[in-house]
Structures are given as structure tokens and as C-alpha cells.
Amino acid sequence: MGSYGLTRCRFECSGLLPLQTRRRTCGCVTGMSEWVAAFGQHFVHIAAVLLLLTVASFGGARGNETTSAATSLWETTETTSKLDDSFDDTKLDLSQNGEVQHEMHLLGIINSSLNPAAYHAQKIIREIDNISFTSVYLEDYSPDDVYSYKKAIKALRGMGLDAVIGPYSWAYAVVTENLRIPYFVTSLTPLAHELSSSYLIQLFPNAEVFANATKDMLQYYDLNKVVVFYDTHPGEVILEKLAQTSSMQATSVLINNRTLGNIREKLISVRNHYFTTFVTVLNPQHTRLVLDEALSLSLFSTPHKWLLVNLGLREYDLSRFVDSYANVTVIRLMMDYNSMYCKLQHDYINLRRAVFHDAIMLYRQMNGSVGGGQKTEKGKMRQTVRRLEMDGCTGHLDFSVQGQRQESFLQLMTLEGYKTGESLYKSLQQNATIFESLGSNFISGTWRSKQSELKQRVEPSRSYSTVSRLEGNVFGNEPLRVTVMIEDPFVSKRTDSGDFEGFCIDILEEVSRILGFRYNISKVPDGKYGSYKTHGWTGMINEIVRSRADLGVGAFQITPERAGAVDFTKPYITKGTTVVVKRPEHRIWIFQFLLPLSNVVWSAIFIAFVSTSLMLFAVSRVNSDRQAKYAHNLRESFWYIWGTLLRGSLSGSPHAISSRIVSSAWWFFCLIVSSIYTANLAAFLTITVGDVDMNSAADLATQNIFDYGTVDGSQTAYFFEHTKMRHYATMWAYMYSLSPNSMVRNVDKGFARVNQGGYAFIWDSPVIRHKISNDCMLMEIGTPFDLKGYGFAYTKNAPYGEQLSMAILQLQDEGILYKLERK
């Protein structure tokens with residue numbers, strides 16, 4: 001340590017560390033005032049407990065007085081029905097056999113810090129069936145006020161609360177244990193009280209956890225010379241942890257009302273002593289003051305590094321520091337934006353709501369274990385808390401019998417990805433796809449408490465979802481919720497059993513067999529794959545984004561816009577877009593046998609016939625052929641030429657050399673003509689493609705026979721709208737402006753218009769070819785264009801995404817996908 005030893009001892013004896021630590025470390029002499037203060041604090045707590053027992057013994061006889069006192073201490077919100085009127089989109093459908101059955105629960109919310117979250121309780125828990133919540137707000141009391149316990153027990157007894165949620169309060173901790181009410185703590189809990197209550201469920205890690213995370217981060221990046229800015233006792237715990245590390249040189253700066261004006265001088269002092277690593281354990285206001293002064297002193301430039309430890313639920317607003325390109329990392333409670341278990345929307349989540357969400361979900365799980373409204377004995381309560389286990393917005397929740405989290409997860413945020421919830425919401429309103437670009441920065445890394453190795457505890461480039469994905473079963477015990485759209489041959493529904501079948505369903509069954517998960521299939525309500533409109537996403541994309549489905553199965557074209565809202569597996573097939581029209585009708589007429597050859601050819605044959613007949617007559621007459629009928633009878637010459645053309649059997653033939661030369665030339669001509677006619681006639685009778693004077697989809701832009709269009713709001717329409725190719729842009733102008741009625745609402749209506757005639761439908765080639773194979777009156781025009789891969793869509797950053805892709809690649813390597821496609 002060198003010269004640091006004297007500085008460290010002076011710090012530890014200065015009164016900044018806890019009493020036990022100062023006595024243990026340096027043997028400093030403690031003044032009588034410190035002992036008196038400690039004894040006085042414990043005396044207040046003992047007196048409060050005695051007063052609490054006295055009040056409890058007379059609680060039944062003074063029920064009216066208790067209720068009256070409680071009424072003055074809390075303020076009820078609107079009733080549940082009132083909340084439903086305010087948030088129509090979050091109403092619960094709890095009807096069973098035409099009747100609405102609600103199980104009512106009353107939650108006490110401490111302090112105003114969680115009030116905004118409590119107001120939206122119905123929105124947060126909209127997926128919970130048969131449970132309705134009404135919340136009341138409880139006054140927060142000072143731990144030094146002996147009368148606070150009397151007030152707290154009166155308030156809780158008067159309301160008959162089922163649970164209390166909020167920051168730690170010594171008064172409510174004692175009262176909830178006495179009344180056997182679960183107390184979900186959403187803030188740091190003092191170390192002295194962590195083991196004293198069986199009804200205390202600590203969602204927030206203690207200061208020791210943050211101290212270990214801070215030390216691990218500094219050791220991970222080999223930072224040994226640090227200065228710690230702190231303003232509360234938890235900051236002292238973190239400073240003590242760093243000071244006890246032999247390889248680390250640490251100094252401290254206490255921020256309070258007396259030192260606020262000296263922040264700049266303190267920063268200049270530590271800079272002059274060549275400190276380049278700064279750790280802040282401050283509230284948001286003090287953090288902002290320190291960072292503002294640091295920015296003016298150029299302490300965000302290289303090689304300075306900042307580690308901001310957030311010990312509360314108030315998020316730091318660091319948006320103004322993003323342009324400084326500083327090396328800043330924030331350690332805070334885990335808030336997994338992309339967790340499949342977090343039911344909060346991306347535009348709604350923040351630290352407070354995330355903790356409130358997990359408290360509600362834990363209460364729901366506990367309610368299912370012990371029964372609603374029942375008081376639980378201390379021993380049974382410990383067992384119940386020990387059995388609590390779930391995943392939520394703040395990571396995995398698994399508790400010890402003392403109500404502490406078995407493993408704590410903290411989030412490591414970089415400056416580039418750090419924004420407040422309000423700025424995120426504004427960004428999402430401005431650009432629907434911005435979340436994709438922010439997602440990788442938003443959850444930069446993860447710290448976990450239970451791993452033995454430093455590199456396993458600190459994961460600076462892996463989000464909580466990624467860390468969870470690399471361990472064990474990522475699908476959980478609940479079946480995946482799969483949404484599908486009926487479209488042959490990918491997905492169809494059997495008329496006899498109502499089961500789903502098709503190419504994509506076969507792939508889903510094979511993937512589930514490989515990965516071992518269960519699933520439930522439902523049909524998408526609006527019958528669309530999904531596109532972004534002014535009101536938001538539609539179709540299956542909307543179902544996934546709103547957490548009503550985990551997986552979308554069908555002919556999903558993988559596009560950048562969709563990839564901004566959901567993730568896709570590896571493509572299971574690559575296909576394009578093509579055009580289908582109704583086959584032209586063929587009219588049968590009496591001279592249809594003439595169609596294999598054109599009129600010009602028939603005219604040439606007739607001229608050759610007449611010319612050859614006259615030539616044979618003339619040659620035979622000049623040479624005095626012994627077959628006098630050809631020399632003296634013009635009719636016989638015509639009959640002979642005609643008979644040889646039709647390959648008839650004629651008696652007699654010319655004998656003169658010249659006549660035989662003419663006849664041989666005619667025979668050869670007849671052979672060629674007969675062969676050509678026979679070949680064309682066979683092709684004409686067996687041809688399957690009618691002539692519509694179009695060879696590709698681009699030809700639709702220059703014709704005026706067919707009206708044409710595609711499904712409105714589909715990915716095909718998106719391609720035409722944004723293409724830079726001239727002929728496709730011309731087609732979009734026609735479909736969108738000149739003939740808006742050419743667009744259809746779904747695929748079935750598109751094929752229905754094709755069967756009516758005069759309409760060309762532009763859609764995916766696999767669907768069109770499947771329809772053509774079952775309907776001989778349809779025909780495809782040209783070859784497919786706009787080739788794209790088809791994949792399955794799933795929740796953004798879901799932990800099972802990579803496994804789904806690997807399973808599809810395995811099916812492809814084993815040839816199973818080809819067999820299923822040819823099925």
C-alpha cells in the first residue's frame with residue numbers, strides 16, 4: 001500500500017465508517033457521545049415494540065377509534081371500477097359462464113415514491129386472471145419517532161391490508177410482523193434488521209451487494225487507485241469494502257450540505273493527486289452536481305473513468321453527457337427490458353414500475369400458496385417465502401427464509417445506452433424502430449452475486465437475458481404462446497378436429513421435439529402478419545410486441561422494419577413474389593385444326609400445291625409421259641398432288657424422269673410440312689399456359705387488360721411503396737393512387753378476385769403455386785422476384801431465440817425441411 005497506509009487509518013478513524021469497523025480496524029478510541037447515541041437508538045426501538053404490544057392488546061376493544069384514526073392517516077384511491085374507466089385498454093376479462101368473479105386484494109403503498117406506479121396497478125397486472133387490486137397510500141414515519149409505531153398499527157389494523165409495498169420503514173417492518181402481513185421492500189434494508197422479520201421480502205439488494213459489485217468491476221478492469229464520492233451510510237459500506245482490499249488505494253469525499261460548495265475544489269484536489277477512477281455513491285441531485293463540475297474540469301476525457309452506483313429507484317438523467325464520449329458505467333438494480341417474463345411495455349418501464357411489477361407478481365404467487373386473506377404463522381411464512389421463485393423485470397427472484405434474494409443481479413449500463421424512461425418513450429414515439437438500435441446499448445452488461453469466478457460474476461457485454469439463455473432450460477415450465485395466421489400451405493386448420501396443420505406446423509413440431517418445449521397455438525385476430533401503421537403494429541407482430549404471444553409461426557418475411565420490433569430465427573425457406581391470374585378461356589371452333597400453323601404458312605402451302613400441280617401437268621405433257629392421264633388431264637394432276645400431300649394411296653405415278661423429279665420434290669415438301677404440323681398440333685393440344693401477352697410481373701405496368709394489386713399493409717405492399725425500380729414504382733402509383741380499390745384486405749379476397757377474372761394478384765410464390773396445384777383455372781406469370789427468407793418471429797431478445805435457430809439449421813442439415821416441404 002505504501003504511503004496509503006496512513007491515509008487509510010486516518011479515514012477509518014474519522015467517524016465515517018460504522019462503529020464496529022472503526023474499533024476493529026485501527027483501535028480508535030470512541031467517544032462517549034457515540035455510545036450514548038447508539039444506546040438511545042436501541043432504546044427507542046425497544047420502547048416502540050413495548051408500545052406496539054400494548055396497543056395490539058387493546059386493539060379489539062377500541063375498533064371504532066382505530067378506524068377513525070386510520071382514516072386520517074391514509075388516502076384511498078379510486079375504486080377498481082374507477083381505475084377500469086380510466087384505463088379501458090387494461091381491463092381484465094374475468095367472465096366465467098357469463099358472470100364476473102373477482103378476488104379483491106387491498107395493498108398498502110408506502111410513501112409517494114411508488115404512487116405513480118400504484119395508480120397504474122391495473123395496467124401492470126392486466127394479465128393476472130381473477131384478481132383485482134385496490135391500493136391505499138400509507139404515511140412514511142421517522143424511525144426515531146416512538147409514536148410512529150402507534151400510528152402505523154392503527155392504520156394497518158383499520159384497513160385490513162393484505163400486503164404492504166414500499167421503501168423500508170422500521171415502523172411498518174415491526175407492525176407487519178405483528179399483524180402477519182407480507183411487506184415487500186423496494187429499497188435498501190439496514191443490515192441490523194435483515195434477519196429480524198419473517199414477513200420482510202426484500203426485492204432490493206442490500207448495500208453489501210452493491211459493494212461487492214463495485215469491487216468486482218474495479219478488479220475486472222484492473223483499476224487500483226480510486227476516489228469515492230458518497231453521501232449516505234451505504235456509501236460508507238462500499239468505501240469500507242474497497243478500503244479492505246489490499247491491492248486497492250482508495251480515498252473518499254463526503255458530500256453533504258456543508259461540502260456542496262467545495263465540490264470543485266475536491267475534484268481539483270483528487271486530480272492533482274493523479275486519481276483517474278471515480279466512484280460515486282450519491283443521490284441523483286448530488287450526482288448531477290459532481291458530474292457538472294467534472295465536465296467543466298475536463299474529467300470526462302481520457303484516461304478518466306467513472307463508475308456511478310445507483311442505490312435507489314430514481315434513474316439518473318445522463319442525456320446531456322452522452323456527447324462527451326466519457327468512459328462512464330452505471331451500476332443499478334437489474335431492469336431487463338427484453339425479458340419475456342416482464343409484462344411491462346417498452347414505452348412504460350422504469351425502475352420503480354419494474355420493482356412494483358415484481359412485487360405484485362410475487363404477491364400473486366404467494367397468494368396462490370397460502371390463500372388470499374389468510375394470516376400466516378411465522379414458521380409457515382418462512383417456508384412460503386423460501387418457495388417463492390419466479391422471473392420478473394428485475395431478474396430471477398429466489399428468496400432465502402429470511403426474505404433476501406438468493407442471487408442478486410445488477411445492471412451495468414454504458415453512457416451511450418443510458419437514457420431515462422421519459423426520453424426513451426419520446427424516442428419510441430418519434431421512430432418505431434429505434435428500440436432495435438438502442439437495445440444492444442440499453443442492457444450493456446450484467447453482474448451476478450453467486451458465481452465464484454470474477455469473470456463469471458462480471459459480464460460487461462451480456463445482458464441478463466443472454467446470461468440466462470446460456471444456462472439450463474430457457475423455456476421454463478409454461479408452454480410457449482404461439483400465434484399463427486391461416487394461409488395454405490404454411491398453416492391450415494382441419495375441418496374435422498379443428499387442429500392446426502401445414503408446413504410451418506410440421507416445422508414447429510420438429511423443433512419442439514428437439515428442444516423439448518410445449519406450446520399452445522392461437523389464431524391472430526386481425527389475420528395479418530404485421531406492419532407498422534400510425535397507431536402501431538398490426539397482426540402477429542402486434543401480438544408479440546404486446547406480450548400476448550411468444551412466437552409467431554407462418555410465412556414471415558424477414559425485413560429490417562419487422563426486425564426492429566421482434567427477432568427472427570434463421571430462415572427455414574427462401575422464396576419470392578410472383579403474379580397469379582385466371583387462365584384465359586379457349587373457345588373451340590370448327591377451324592381450330594388450322595391453329596397449329598399460321599395463316600402465312602397455310603397460304604404458302606396452298607400456293608405450293610397449285611404451283612406443283614401445274615408444273616406436273618406441264619412437264620408430263622411436254623415429255624409425252626406414258627401416263628397420259630397426267631399429260632392430258634389437269635384434274636388428275638391436281639388430284640395426284642393433293643393425294644400425296646394427304647399421304648393417300650394412289651394408283652399409278654409419272655414415268656418420265658422430269659415428272660419423277662417434280663413428284664420427289666413434292667414428296668419431300670409434304671414430309672416436312674406433315675412433321676411440323678403434327679408437332680405443333682401435339683403441343684397445341686397439350687399446352688397448359690395460356691397466352692396473356694405477359695412474361696413477368698413488370699409487364700403489368702404497361703398493359704391495360706388486368707387490374708392488379710396485393711394485400712393492403714402487407715410486406716409486398718411495403719416493397720412496392722419503397723422500391724427504387726421504375727416499373728415497380730409505376731405499379732405502386734397505380735395501386736395506391738389510380739386504382740386504390742385494387743388492394744385487398746387479405747389473401748383469400750385476393751384469390752377470389754382472381755377467379756372472377758380481369759384481376760392479377762401479387763403475392764408470395766409458395767402460396768400461389770399451392771393454389772395453382774389445386775385449381776387448374778389459375779396460372780402464374782413470370783418468375784419470382786424480391787427474394788426473401790421466411791422465419792419464425794419471437795419476442796425481442798428472448799432467451800430461446802438462438803436455440804430455435806439452431807434447431808432449424810439442424811432440420812435443414814438432416815434434410816427434414818426438404819421432406820416436409822415436399823410433403
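This report walks through a predicted model of a single chain, from its overall make-up down to a few residues and their neighbours.

**The chain as a whole**

The chain holds 32 helices and 30 strands. Of its 823 residues, 50% are buried. Take the contacts between residues at least 6 apart in sequence: 69% of them join residues at least 24 apart.

**Helix H28 and what it leans on**

A handy place to start is helix H28, which spans residues 726–738 and buries Tyr-728, Met-731, Trp-732 and Met-735. Looking down the axis of H28, these buried residues fall within an arc of 100 degrees, so they line one face of the helix. The spacing fits a general rule: an α-helix has 3.6 residues a turn, so residues three or four places apart point the same way. On the face of H28 turned away from the buried side sit Arg-726 and Leu-738, which are exposed.

What does the buried side of H28 pack against? Its partners are helix H27 (715–722) and three strands: S28 (707–709), S29 (759–764) and S30 (778–794).

The contact with S30 can be followed down to the rings. The model has 28 aromatic pairs, and one of them is Tyr-728 with Phe-785, stacked at 4.9 Å centre to centre with 20 degrees between the planes. Tyr-728 belongs to helix H28 and Phe-785 to strand S30, so this pair ties together parts that are 57 residues apart in sequence. Both Tyr-728 and Phe-785 are buried.

**Strand S29 and its partners**

S29 turned up above as one of the elements H28 packs against. Six of the six residues in S29 are buried. S29 pairs with strand S27 (residues 573–582) in the antiparallel sense, over four bridges, and Thr-577 has Asp-764 in S29 as its bridge partner. With S28, the pairing is parallel and uses three bridges; there, Gly-709 stands opposite Phe-761 of S29.

**An open sheet and a small hairpin**

Elsewhere, eight strands make an open sheet with mixed pairing, in the order S10-S9-S11-S12-S13-S16-S17-S18. Strands S10 (249–254) and S18 (458–459) stand at the edges with a single partner strand each, so one side of each is left without a neighbour in the sheet. For S10, strand S9 (residues 225–230) pairs with it in the parallel sense over six bridges, with Lys-225 opposite Gln-249.

Strands S14 (residues 389–392) and S15 (residues 395–398) run antiparallel and are joined by four bridges. The hairpin between S14 and S15 passes through two residues, and Asp-391 faces His-396 across the pair. Which side chains of S14 are buried? Met-390 and Gly-392 are, pointing to one face, while Glu-389 and Asp-391 point to the other and are not buried. That is the pattern you'd look for: in a regular strand the side chains alternate between the two faces of the sheet.

**Rings and charges**

Lys-225, met above opposite Gln-249, also has its charged end over a ring. The table sets it beside a second lysine.

| Charged residue | Ring | Distance to ring centre |
|---|---|---|
| Lys-225 | Phe-275 | 4.8 Å |
| Lys-771 | Phe-751 | 5.3 Å |

Rings also gather in a cluster, where ring pairs link Phe-490, Phe-503, Tyr-572, Tyr-790 and Phe-792.

**A buried loop residue**

Met-485 sits in the loop between strand S19 (480–484) and strand S20 (492–493). Is Met-485 buried or exposed? Its relative accessibility is 7%, so Met-485 counts as buried, the cut-off being under 20%. Leaving aside residues up to four places away in sequence, Met-485 touches Val-491, Val-524, Gly-527, Lys-528, Tyr-529, Met-540 and Val-553. As for Val-524, it is 39 residues from Met-485 in sequence, yet their C-alpha atoms are 5.8 Å apart.

**The annotated spans**

Finally, a word from the record. An unreviewed UniProt entry annotates residues 600–619 and 664–687 as "transmembrane region". In the model, residues 600–619 are 100% helix and 0% strand, and the end C-alpha atoms of that span lie 28 Å apart.

Conventions: Residues are numbered from 1 along each chain as its sequence is written. This is a predicted model: local features need pLDDT of at least 70, side-chain atom pairs count only at pLDDT 80 or more; totals for chains, interfaces and linings use all residues. Side-chain values use heavy atoms; hydrogens and water are left out. Buried means under 20% relative accessible area, exposed over 50%, partly exposed in between (1.4 Å probe, protein chains only). The arc is that of the directions from the helix axis to the C-beta atoms. Contact means heavy atoms within 4.5 Å. Rings of Phe, Tyr and Trp (its six-membered ring) pair if their centres lie within 6.5 Å; planes under 30 degrees apart count as stacked, over 60 as edge-to-face and the rest as tilted. A charge sits over a ring if NZ of Lys or CZ of Arg is within 6 Å of the ring centre and within 35 degrees of the ring normal. UniProt positions are given in the numbering used here, feature names are shortened, and annotations may be inferred rather than shown by experiment. Two strands pair if DSSP finds at least two bridges between them.
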